[in-house]
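Please look over the model shown here. A short report on its main features comes after it.

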Amino acid sequence: MKTQLGSTLLFLALSISSMAQTKFKPEDTEFYSPKPPIITLKNQMPSDAIVLFDGTNLEQWVSRNEPRQPAAWTVANGILTVKPKTGDIQTKQVFEDFQLHVEWKSPETIKGKGQGRGNSGIFLQGLYEVQILDNDNNPTYVNGQAGSIYKQRPPLVEVRAAEDKWHRYDIVYKAPRFNKDGMVISKGSVTVLHNGVLIQNNTQIEGTTEYIGLPKMQAHGAGPVILQDHGDLVNFRNIWIRPL
Ligand code: MG
């Protein structure tokens with residue numbers, strides 16, 4: 001009896017919904033504003049992007065060391081290279097959600113192994129690392145290889161460099177949200193394309209990047225993009241960001 005009543009109700013609901021459907025005209029479900037802003041591309045960079053590094057200078061960056069000093073990494077021939085022992089560099093501007101494009105290349109000379117070879121990284125809001133590493137014939141823990149969310153999530157696949165040895169990361173980041181008491185409302189998440197191939201698919205970020213121990217969740221606001229000095233001569237070019 002119960003089942004019969006349920007199916008009768010479902011039939012009634014479907015009938016009402018199909019009657020309602022027949023009253024719609026196509027234009028009833030179309031809208032014309034607000035219009036999406038128009039973006040053009042210049043050297044494959046969106047016109048609304050903030051240029052963080054265009055090959056000429058480090059105006060958008062400072063050293064992470066206190067007190068803040070100008071970023072001391074090397075800029076030559078349109079390429080930014082880590083200057084070991086000068087420390088991480090970070091953007092002057094801070095960001096919440098964003099789309100970030102970074103191109104990187106491992107050092108020409110192969111030196112070291114595992115985490116000691118071609119290591120750098122991109123810290124989202126200064127806290128969550130998308131790993132950069134020379135993965136070629138270089139075994140290490142998979143949640144520490146290039147494209148991993150360091151010590152949390154390995155990439156879905158391991159992508160090799162293009163012929164020119166450059167790698168491209170396109171990162172879409174959603175920052176965690178906290179209430180006024182500092183409690184987590186929603187964790188952060190990240191999607192990463194590596195040379196156009198999906199390697200992190202809306203991956204939940206469990207907390208801060210920790211070399212030892214578990215990630216921590218700590219309330220924070222907007223933060224910089226940080227590039228890591230891990231002592232290796234990793235190269236960068238074409239860095240831009242679109243706050244979302
Ligand atoms: Mg690193």
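The report below covers the overall chain, the metal site, one sheet and two loop residues.

## Overall chain

This is a predicted model. The chain has 17 strands and 1 helix. Its radius of gyration is 23 Å, and the globule rule gives 18 Å for 244 residues, so the chain is more spread out than a compact globule. Along the principal axes, the C-alpha atoms fill a box of roughly 75 × 45 × 40 Å.

Of the 244 residues, 41% are buried. The accessible surface is about 14400 Å². Carbon and sulfur atoms hold 57% of that surface. Among contacts with a separation of 6 or more, 64% join residues 24 or more positions apart.

## Magnesium site

Five residues coordinate the magnesium ion: N119 through OD1, S120 through O, E129 through OE, Q131 through OE1 and Q228 through OE1. The distances run from 2.2 to 2.3 Å. In sequence, the donor spacing reads N-S-x8-E-x1-Q-x96-Q. E129 sits in strand β10 (residues 128-132), while Q228 sits in the loop between β16 (226-227) and β17 (235-243), so this pair ties together parts that are 99 residues apart in sequence.

Both E129 and Q228 are buried. For Q228 the relative accessibility is 12%, which is why Q228 counts as buried, the cut-off being under 20%. Q228 touches the other donors N119, S120, E129 and Q131. Its further contacts include W73, V82, D88, G121 and F123.

## The five-stranded sheet

An open sheet is formed by 5 strands, in the order β4-β7-β16-β9-β10. The pairing is antiparallel. Strands β4 (61-63) and β10 are the edges, each pairing on one side only. Edge strand β10 is also the one that holds the magnesium donor E129.

Further in, β7 (residues 89-91) pairs with β16 over 2 bridges, in the antiparallel sense. I226 in β16 is the bridge partner of Q90. The loop that holds Q228 lies between β16 and β17.

## A161 and its surroundings

Where is A161 found? A161 lies in the loop between β10 and β11 (167-174). Its relative accessible area is 32%, so A161 is partly exposed.

Leaving out residues up to four places away in sequence, A161 touches W166, H167 and N195. H194 is 33 residues from A161 along the chain, and their C-alpha atoms are separated by 9.1 Å.

Conventions:
Residues are numbered from 1 along each chain as its sequence is written. This is a predicted model: local features need pLDDT of at least 70, side-chain atom pairs count only at pLDDT 80 or more; totals for chains, interfaces and linings use all residues. Side-chain values use heavy atoms; hydrogens and water are left out. Donors are N, O and S atoms within 2.8 Å of the metal (3.2 Å for Na, K and Ca); water is not among the atoms, so sites may look incomplete. Helices (H or I, at least four residues) and strands (E, at least two) are DSSP runs, numbered from the N terminus. Buried means under 20% relative accessible area, exposed over 50%, partly exposed in between (1.4 Å probe, protein chains only). Two strands pair if DSSP finds at least two bridges between them. Contact means heavy atoms within 4.5 Å. The radius of gyration is taken over C-alpha atoms; the globule rule is 2.2 Å times the number of residues to the power 0.38. Accessible areas come from the Shrake-Rupley method with a 1.4 Å probe; for residues, only the protein chains shown count as cover.
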